[in-house]
Amino acid sequence: MSTIHPDPEATGADTPHLDFAGTTPYEDYVQADVLTHLQHLRSDDPGEMVFLVTTQVMELWFTVIVHEWETAAHALRQDRLTVARDALKRSVRELEALNASWTPLAQLTPAQFNSYRGALGEGSGFQSAMYRRMEFLLGDKSASMLVPHRGAPRVYAELEKALAEPSLYDEVLALLAHRGHAVPQSVLGRDLTQKYEPSPEVEAVWAEIYADPERYDDLVRLGEALTDVGELVWRWRNDHLVATRRAMGSKTGTGGSAGVAWLEKRATKNVFPELWTARSHV
């Protein structure tokens, strides 16, 4: 049996505790060993690792962002604007990190992507349950997007719940109504399982708020936090489009999606739409 001798330079009074009976407290908390052994490659191409790890990192960012937006939605329900804005501001930095994930993938040539594309089979990003929860929180609801998850009861139940709940923007509009602004009942009482559609009356409410920033300072700051989120969601969609266009051109996407054509359609749409159009009337 060999004896492990301590580093003579690491034996002073400031030496950290190095000897643990089992796994380290860091490992117990972070589960790094689990995370770093979740990569099961399906091809021999060296580029598959960066694709797989980057996609897994994206899923983790989706999870954090969903947490932040749910925190903000809950705070808005209680008229706690500071808590809501703080969560939205954190999510802006998280969205920036998420968007940066496209950088390594955007460098893939078509030949490099094709070398392991077949390993994806019918897998496609639109099947991501956590990303779908993000979209639902943004008000982009669609019951048909639950269909791919029917074989996973827990995931399906979580998505079904998210589909029926108010989106982040629904909570914002409910708060505006609570504060005395003329948000129409047709918006407040709409079917929450349906995609949010822009309202001229809501646009007028935001125009009124932005036209009097001293009176509505806290709501203007909320609107700007939401606008920051909306801008970065738009950038995410456009960066996804560019990365896909570089890697595979206009070919059909994995999982049978329309690929670039589908992403182009998505990239033209803004979330929190009246926050953008109201600016023309201030």
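A residue counts as buried here when its relative accessible area is under 20%. Keep that cut-off in mind for Phe272: its relative accessibility is 1%, so Phe272 is buried. This is a predicted model, and Phe272 is a handy place to step into it. The residue sits in the loop between helix H13 (260-267) and helix H14 (273-277). Its backbone is worth a look too, since phi of Phe272 is near 55 degrees, a positive value in a residue other than glycine. For background, most residues other than glycine have a negative phi.

Now zoom out. The protein has 14 helices and zero strands, so the pattern along the sequence is simply α-α-α-α-α-α-α-α-α-α-α-α-α-α. Along the principal axes, the C-alpha atoms fill a box of roughly 80 × 55 × 35 Å. Of the 282 residues, 41% count as buried. Take the contacts between residues at least 6 apart in sequence: 71% of them join residues at least 24 apart.

What holds the middle of the picture is a matter of side chains, and here the general rule helps. In soluble globular proteins, nonpolar side chains tend to be buried together. In this model the largest nonpolar core has 60 residues, and Phe272 turns up again among those with the most contacts inside it, along with Trp69, Leu88, Leu168, Leu173 and Trp206. Plenty of helices chip in: helix H3 (48-77), helix H4 (81-100), helix H5 (102-105), helix H6 (110-117), helix H7 (129-137), H9, helix H11 (200-211) and helix H12 (217-248) each supply at least two residues. The largest share, 12 residues, comes from H12. Apart from this core lies another one, of seven residues, including Phe136, Leu146, Val155 and Ala162.

Trp69 makes a good guide to the big core. Leaving aside neighbours within four places in sequence, Trp69 is in contact with Leu88, Ser91, Leu95, Met134, Leu137, Leu138, Leu168, Val229 and Val233. Trp69 also takes part in two helix pairings of H3, one with H4 and one with H7.

Start with H4. H3 and H4 pack at an angle of about 165 degrees, with their axes 8 Å apart. Angles over 145 degrees count as roughly antiparallel, so that is what H3 is to H4. The crossing is left-handed. On the H3 side, the residues that meet H4 include Met58, Trp61, Phe62, Ile65, Trp69, Ala72 and Leu76, and their partners in H4 include Leu81, Ala84, Leu88, Ser91, Leu95 and Leu98. By class, this contact has 17 nonpolar, two polar and three charged residues.

Then there is H7. Here the angle with H3 is about 30 degrees, and the axes are 9 Å apart. That makes H3 roughly parallel to H7. H3 passes H7 in a left-handed crossing. Glu59, Phe62, Thr63, Ile65, Val66, Trp69 and Glu70 in H3 meet Met130, Tyr131, Arg133, Met134 and Leu137 in H7. The residues of this contact divide into eight nonpolar, one polar and three charged.

Leu168, one of the contacts of Trp69, takes us on to helix H9 (168-178). Eight of the 11 residues of H9 are buried, so this helix is largely enclosed by the rest of the structure. The buried ones are Leu168, Tyr169, Asp170, Glu171, Val172, Leu173, Leu175 and Leu176. Just after H9, Gly180 takes a positive phi of about 100 degrees.

Look at the other side of H9 as well, where Ser167 sits in the loop between helix H8 (153-164) and H9. Is Ser167 buried or exposed? At 1% relative accessibility, Ser167 counts as buried. Residues up to four places away in sequence aside, Ser167 touches Phe136, Leu137, Leu138, Gly139 and Lys141. Phe136 is one we met in the core of seven residues, while Leu137 is also in contact with Trp69.

One last stop takes us back towards the start of the chain. Gln31 lies in the loop between helix H1 (25-30) and helix H2 (32-35). Gln31 has a positive phi of about 60 degrees although it is not a glycine. Its relative accessibility is 36%, so Gln31 counts as partly exposed, whereas Phe272, where we began, is buried.

Key. Residues numbered from 1 in each chain as written. Predicted model: local features only at pLDDT ≥ 70, side-chain atom pairs only at ≥ 80, totals over all residues. Heavy atoms only, no water. Helix = DSSP H or I, 4+ residues; strand = E, 2+ residues; numbered from the N terminus. Buried < 20%, exposed > 50% of the residue type's maximum accessible area, 1.4 Å probe, protein only. Contact = heavy atoms within 4.5 Å. Core = buried A, V, L, I, M, F, W, Y, C linked by side-chain atoms within 4.5 Å. Axes fitted to C-alpha atoms, helices over the stretch in contact; angles between N-to-C directions. Parallel < 35°, antiparallel > 145°, perpendicular 65-115°, else oblique. Left-handed = near helix turned anticlockwise from the far one by under 90°. Nonpolar A, V, L, I, M, F, W, Y, C, P; charged D, E, K, R; others polar.
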